[in-house]
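Hi there,

Here is the structure I promised to pass on. Have a look at it first, and my notes follow below.

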Amino acid sequence: MATTTPQIDYSLYLVTGRELVPPGKTYLESLKEALQGGVTVVQIREKNTETSEFLQIAQSSKLLCDEHHVPLIINDRIDIALATGAHGVHLGQTDMPVATARRLVPPGTVIGVSCNTVEQVRRAVSDGADYVGLGAVWATTTKKLTSPVVGVRGVGAMLEVLDGTRVKAVAIGGIKELNLLRTLHGSVSRTNHSLDGVAVVSEIMASQKPKEAAATLLSIFNAFNATLNNEPSPASVSMDSKILQGVLKLMEEVQRTAPLIHQITNTVVATQSANVTLALGASPIMANDADEMEDLAKIPGALLINIGTLGAASIPGMRKAGYYANANKKPIVFDPVGVGATALRKETVKELLNMFQVSIIKGNAGELAALADSTEVASKGVDSLGGFKDPITFVRELAKKERCVTVMTGETDYISDGDLVVVLKHGHPILGKITGSGCLVGSAIATYCAAATSLAGLSQHVDGQLVRGNMLLAAVAGVLVLTIATEEAVKGDKVKGPGSFLSGLIDVLWTLSSNDISQLARIEVHSPNQ
């Protein structure tokens with residue numbers, strides 16, 4: 001168990017880097033302004049400095065930190081920490097063991113440890129560390145990395161180790177204003193264990209306005225924390241009738257606003273996807289070039305990324321599209337088509353999901369199994385071979401792990417936000433006989449995601465959220481409308497087979513009303529205790 005220490009606010013943890021201070025400013029000026037901006041703890045890191053100079057820097061930094069009542073931590077050098085009366089020391093994996101350091105420092109001294117794996121976190125807890133630095137979360141140029149980048153999605157498993165302990169956690173490595181919210185949102189465990197703070201270097205030290213930079217970072221951190229436990233959840237619409245009412249509102253909102261749906265999608269079905277989007281009442285744009293992504297992300301709407309025809313030409317566009325969508329709080333629907341088929345798809349999906357936070361992941365059982373590293377369900381190319389014994393638990397756990405809504409399509413569709421699981425049993429087997437039927441579902445979901453962000457009655461306008469609006473309802477709407485339309489399309493005598501079915505489906509989507517959905521929909525809702 002960790003040694004009892006004074007309470008420290010780790011929210012905005014500044015790691016100094018004198019070499020980054022811009023021309024016209026001194027190190028102490030930058031530090032003072034950063035403290036004024038709200039930095040809550042400071043670590044002095046001087047890997048290539050002689051002892052006498054290090055001591056002088058630490059002493060002058062300690063005076064400034066004391067003036068602002070901010071604790072000072074020394075990286076690596078216990079002798080410097082003792083000489084300056086610092087509040088703590090931070091140790092790397094190759095530095096002095098925690099137990100040895102604990103014997104050398106006064107009681108109550110904070111000891112932190114850098115960790116890159118779950119096992120390293122376990123050892124730090126066992127050794128009595130007071131906090132752990134988890135990372136590197138992002139690639140960084142301010143420090144030579146000796147361990148691989150763990151990525152945002154790798155932090156959650158390490159945080160689970162801290163459940164039931166008093167050990168605090170700080171994310172480290174490449175954290176900046178534009179990726180901070182993504183870092184915070186993604187770095188939450190399945191057990192809802194979140195970060196206690198973030199460590200920042202260049203975003204503050206290299207800034208001409210460190211006070212403003214620090215204040216901005218701290219405001220993002222605080223806004224996210226305010227929503228973490230208090231954010232209205234789709235659990236508030238736990239009855240199936242209330243979910244249905246939300247779906248109907250989204251349908252009406254699409255007709256009212258005709259939102260722009262940006263789709264980087266399977267080239268095999270681009271035309272069908274665009275036509276389905278139009279039939280639903282939205283406006284599609286099928287744009288792949290990376291140079292367009294920053295501008296397109298500024299237009300209200302939603303983004304669909306579908307990796308069906310993945311290649312060197314499309315990946316740069318996906319990277320930038322997701323990044324800028326996050327920056328503009330635009331919902332992202334991600335379709336990992338055939339993710340288990342090739343190493344390229346697996347590695348690309350891993351890279352993209354670490355790079356940006358998606359709102360919804362949609363796939364069949366085989367695709368989601370590959371994403372979750374499960375061997376329970378196999379796949380053949382883009383097709384799923386079988387299903388899960390307990391699909392409700394699977395989609396709920398995957399949603400928790402990925403911190404987004406998960407949609408598993410099939411004969412029965414399962415949709416979860418990590419709490420509720422909505423089960424839909426609509427559709428017709430003929431849907432599986434046309435190319436890219438799952439891709440069409442993705443287009444429909446993205447359409448209602450856009451409506452959810454603009455519909456005031458379903459939105460929570462909080463700065464600490466990556467995206468506004470109820471994404472569970474959006475996912476349910478997309479699946480429900482398309483599958484009911486499938487049933488309605490085959491009722492008449494106009495559909496003779498897959499060819500006529502596709503045109504019939506588009507016609508039904510064009511005429512299907514919220515009143516039709518209200519009368520035809522069958523929705524099952526499963527809460528965690530069921």
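**Notes on the model**

D373 counts as exposed, with a relative accessibility of 67%. (Exposed means over 50% relative accessible area, buried under 20%, and partly exposed in between, with a 1.4 Å probe and protein chains only.) D373 sits in the loop between helix 15 (365-371) and strand 14 (378-380), and its phi is positive, near 60°, although the residue is not glycine. Helices (H or I, at least four residues) and strands (E, at least two) are DSSP runs, numbered from the N terminus.

Before going on, a word on the source. This is a predicted model, where local features need pLDDT of at least 70 and side-chain atom pairs count only at pLDDT 80 or more, while totals for chains, interfaces and linings use all residues. Residues are numbered from 1 along each chain as its sequence is written, and side-chain values use heavy atoms, with hydrogens and water left out.

N192 is another non-glycine residue with a positive phi, about 70°. Its loop runs between helix 7 (177-186) and strand 8 (197-200), and N192 is partly exposed at 43% relative accessible area.

For the backbone, also look at G135 and A136, which are joined by a cis peptide bond with omega about 10°. A136 belongs to the loop between strand 6 (131-134) and helix 6 (155-160).

On the surface, D289, D291, E292, E294 and D295 form a negative patch. Patches take residues with over 30% relative accessible area and no salt bridge, joining like charges within 9 Å and nonpolar side chains (Val, Leu, Ile, Met, Phe, Trp, Tyr) within 5 Å. A salt bridge here is a side-chain nitrogen of Lys or Arg within 4 Å of a carboxyl oxygen of Asp or Glu. Within the patch, E292 lies in the loop between strand 10 (283-285) and helix 12 (293-296) and is partly exposed, at 38% relative accessibility.

How many disulfides are there by the distance rule? The count is zero, where a disulfide is a pair of cysteine sulfur atoms within 2.5 Å. For C449, the closest cysteine sulfur is in C404, 11 Å away, so that pair is too far apart for a bond. C449 is buried, at 0% relative accessibility, and C65 is likewise buried at 0%.

Finally, S454 lies in helix 17 (residues 437-454) and is partly exposed at 36% relative accessibility. S454 and H193 are 261 residues apart in sequence and 30 Å apart in space, C-alpha to C-alpha.

Best wishes

Terms used. Accessible areas come from the Shrake-Rupley method with a 1.4 Å probe; for residues, only the protein chains shown count as cover. Lys and Arg count as positive and Asp and Glu as negative; His and the chain ends are not counted. The place of a charge is taken as NZ of Lys, CZ of Arg, CG of Asp or CD of Glu.
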